[in-house]
Amino acid sequence: MATIPITKRGAEKLKEELHRLKTVERPAVINAIAEARAQGDLSENAEYEAAKDRQGFIEGRIQEVEGKLSAAQIIDPSQLDAGGKVVFGATVELEDEDSGDTVTYQIVGEDEADLKLGLINVSSPIARALIGKDEGDTAEVQAPGGVRHYEIVAVSYR
């Protein structure tokens, strides 16, 4: 199985989710199933069916998170020294050459991406255009509205 890059912060979030699923969600759904079973006839018991469905979802998510963590290549961006190059985990300040607007993004793994927080997926078009470039370079990004040009103003590892 191929390794999946993830930042240290992203790995911690997955570990917290796994802990919550195993210690809170799983016991709660087991109790819900037991309560529904105590009501008698299971063939027409909607609460029982809903609890069983929820249990299936929780168990599936536990397996998914465990799989991701076992295949994870955890990268601490603060320990990187890429000499100013844009790499996974780097925080990049960009200036749109057309509008002059500046934005800051950190390149992260698929599970941690959140555009509102400035976290972009490593496989997104903008991240792919940035990887390997240096401060001062221009990146050409194929966006839904057409080609956009961004100047890399600063690259940091935090």
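Colleague: How many bridges join strand β3 to strand β4, and do the two run parallel or antiparallel?

Modeller: Strands of a sheet pair through backbone hydrogen bonds, in either a parallel or an antiparallel sense. In this predicted model, β3 (residues 91–96) and β4 (residues 102–108) run antiparallel and are joined by five bridges. To find your place in the ladder, take E93, which stands opposite T104 in β4. The two strands form a hairpin with five residues between them, and G100 in that turn has a positive phi of about 85°.

Colleague: Which residues of β7 are the bridge partners of E93 and D96?

Modeller: A strand inside a sheet can be read from both sides, and β3 is a good case to practise on. Towards β7 (residues 146–156), β3 again runs antiparallel, here with six bridges. The partner of E93 in β7 is A154, while D96 is bridged to Y150.

Colleague: What is the order of the strands in the open sheet, and which are the edge strands?

Modeller: Once the pairs are known, they can be chained into an order. The open sheet has five strands in the order β5-β4-β3-β7-β6, and its pairing is mixed. The edge strands, each of which pairs on one side only, are β5 (119–121) and β6. If direction is ignored, neighbouring strands of this sheet are turned by 45° against each other on average.

Colleague: How many residues lie in the hairpin between β6 and β7?

Modeller: The hairpin joins β6 to β7 through two residues, and the strands themselves pair in the antiparallel sense over six bridges. A useful landmark in this pair is E140, which stands opposite H149 in β7.

Colleague: Which residues have the most contacts inside the largest nonpolar core?

Modeller: In soluble globular proteins, nonpolar side chains tend to be buried together. Here the largest nonpolar core has 19 residues, and those with the most contacts inside it are V86, V92, L94, I107, I126, L130 and I152. At least two residues of this core come from each of β3, β4, α3 (125–130), β6 (138–143) and β7, with α3 giving the most, namely four residues. Apart from this core lies another, of nine residues, which include A11, L14, L21 and V65.

Colleague: With which residues is I107 in contact, leaving aside its neighbours within four places in sequence?

Modeller: With that exclusion, I107 is in contact with V86, V87, F88, G89, A90, I120, V122, A127, L130 and I131.

Colleague: What span should helix α1 have at 1.5 Å a residue?

Modeller: The idea is to compare an expected span with the distance between the end C-alpha atoms. The 31 residues of α1 (residues 8–38) should span 45 Å, and the end C-alpha atoms are 44 Å apart, which agrees. The agreement in span should be read together with the path of the helix, as α1 has a kink of about 40° centred on L21. After α1 comes G40, whose phi is positive, near 105°.

Colleague: Which residues of α1 are buried, and what covers them?

Modeller: The buried residues of α1 are G10, A11, L14, E17, L18, L21, E25, V29, I33 and A36, and their cover includes β1 (4–7), α2 (46–70) and β2 (72–75). For α2, the buried residues are Y48, A51, I58, R61, I62, V65 and K68, with α1 and β2 included in what covers them. The same span check applied to α2, which has 25 residues, gives 36 Å from first C-alpha to last, close to the 36 Å expected.

Colleague: Where is D134, and is this residue buried or partly exposed?

Modeller: D134 is placed in the loop between α3 and β6. Its relative accessible area is 27%, so D134 counts as partly exposed, given that buried means under 20% and exposed over 50%. Sequence separation and distance in space should be read side by side: D134 and G84 are 50 residues apart in sequence, yet 5.8 Å apart in space, C-alpha to C-alpha. Not counting residues up to four places away in sequence, D134 touches G83, G84, K85 and I152.

Technical notes. Residues numbered from 1 in each chain as written. Predicted model: local features only at pLDDT ≥ 70, side-chain atom pairs only at ≥ 80, totals over all residues. Heavy atoms only, no water. Pairing = 2+ DSSP bridges. Expected span 1.5 Å × (residues − 1). Bend = angle between axes of the 7 residues up to and from the residue. Buried < 20%, exposed > 50% of the residue type's maximum accessible area, 1.4 Å probe, protein only. Contact = heavy atoms within 4.5 Å. Core = buried A, V, L, I, M, F, W, Y, C linked by side-chain atoms within 4.5 Å. Axes fitted to C-alpha atoms, helices over the stretch in contact; angles between N-to-C directions.
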